[in-house]
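Thank you all for making the time this morning. Please have a look at the sequence and the structure on the screen, and then I will take you through a few of its details.

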Amino acid sequence: TIIFVILFQLIVVIFINLLQLIVIILMFLPRLILIASIFHDSVEDQAQKLADKISTSQELNTRGKALEFLRQKYGEKVADIVVSVTNPEELDNLGTEEANKEYASHIQHAIENPNVFYVKLSDFMDNGLKFMDIPDIRRKTKLAKKYLPLFQIFINRIRGDDISLSQERKDEIISQLSRAESLAVEAVNKN
């Protein structure tokens, strides 16, 4: 039981540190990034609900209407960030390996914009760092393969001079991403 208690305490500390890091990142960012962070998955996960909130004469699909709602309600810059972090629908029509490559390419291109980087980094740290907690080995391995190329993409990008975080914060994030990358490599190599 002592090992269980120590492991539990370690997990709690890591979780709290991750939440603190995300909050610290978001506290010092402009309002538009905070709003875009709130809505970052809305076009993928809640497009119909957002689309139902507006009427438009434009011929738009559900995602287009959802983005138009965000554009009208929160402005062009917020909508641009959200569309940049939204997974392209075309990924659904590709095989897993090809979709993973296209996803990594999409992310690498999208996070060239520092505002998009902050939103996507926060999202990725939430998703990419907790995949190891998934009990289903097949699902865990699938996500490890999807996320594996992204760790270095984010690590390389965070080093950019246009990323307004202290070197201490950058190093902390890089450390967490590197640890998760090692776990992803391990998960992929086991299977």
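The crossing of helices H5 and H6 is right-handed, and I should say straight away that we are looking at a predicted model. Helix H5 covers residues 62-74 and helix H6 covers residues 76-85, and their axes, which come within 7 Å of each other, cross at roughly 150°. On the H5 side the contact is made by Leu-67, Leu-70, Arg-71 and Tyr-74, while H6 contributes Glu-76, Val-78, Ala-79, Asp-80, Val-82 and Val-83. If we sort the residues of this contact by class, seven are nonpolar and three are charged, with no polar ones.

Let me stay for a moment with Arg-71, one of the H5 residues in that contact. Which residue does the side chain of Arg-71 meet in a salt bridge? The partner is Glu-68, with an N to O distance of 3.7 Å, and both residues belong to helix H5, where they sit three residues apart, or about one turn of the helix. In general, side chains of opposite charge can pair when their charged atoms come close. Across the whole structure, the search finds eight salt bridges.

Turning now to the pockets, the second largest has a volume of about 360 Å³. It is lined by 16 residues, of which Leu-91, Asp-92, Ala-99, Asn-100 and Lys-146 are the closest to its centre. Helix H7 (96-110) and helix H9 (137-158) are the elements that each give two or more residues to this lining, and by class the lining comprises six nonpolar, four polar and six charged residues.

Conventions
Residues are numbered from 1 along each chain as its sequence is written. This is a predicted model: local features need pLDDT of at least 70, side-chain atom pairs count only at pLDDT 80 or more; totals for chains, interfaces and linings use all residues. Side-chain values use heavy atoms; hydrogens and water are left out. Axes are lines fitted to C-alpha atoms, for helices over the stretch in contact, and angles run from 0 to 180 degrees between N-to-C directions. Helices (H or I, at least four residues) and strands (E, at least two) are DSSP runs, numbered from the N terminus. A crossing is left-handed if the near helix is turned anticlockwise from the far one by less than a right angle, and right-handed if clockwise. Contact means heavy atoms within 4.5 Å. Ala, Val, Leu, Ile, Met, Phe, Trp, Tyr, Cys and Pro count as nonpolar, Asp, Glu, Lys and Arg as charged, and the others, Gly among them, as polar. On a 1 Å grid over the protein atoms alone, a cavity is a set of points where a 1.4 Å probe fits but cannot get out, and a pocket is an open set with protein on both sides within 12 Å along at least five of seven lines; lining residues have an atom within 4 Å of a point. Grid points are joined across faces, edges and corners, and a volume is the space filled by probe spheres set on the points. A salt bridge is a side-chain nitrogen of Lys or Arg within 4 Å of a carboxyl oxygen of Asp or Glu.
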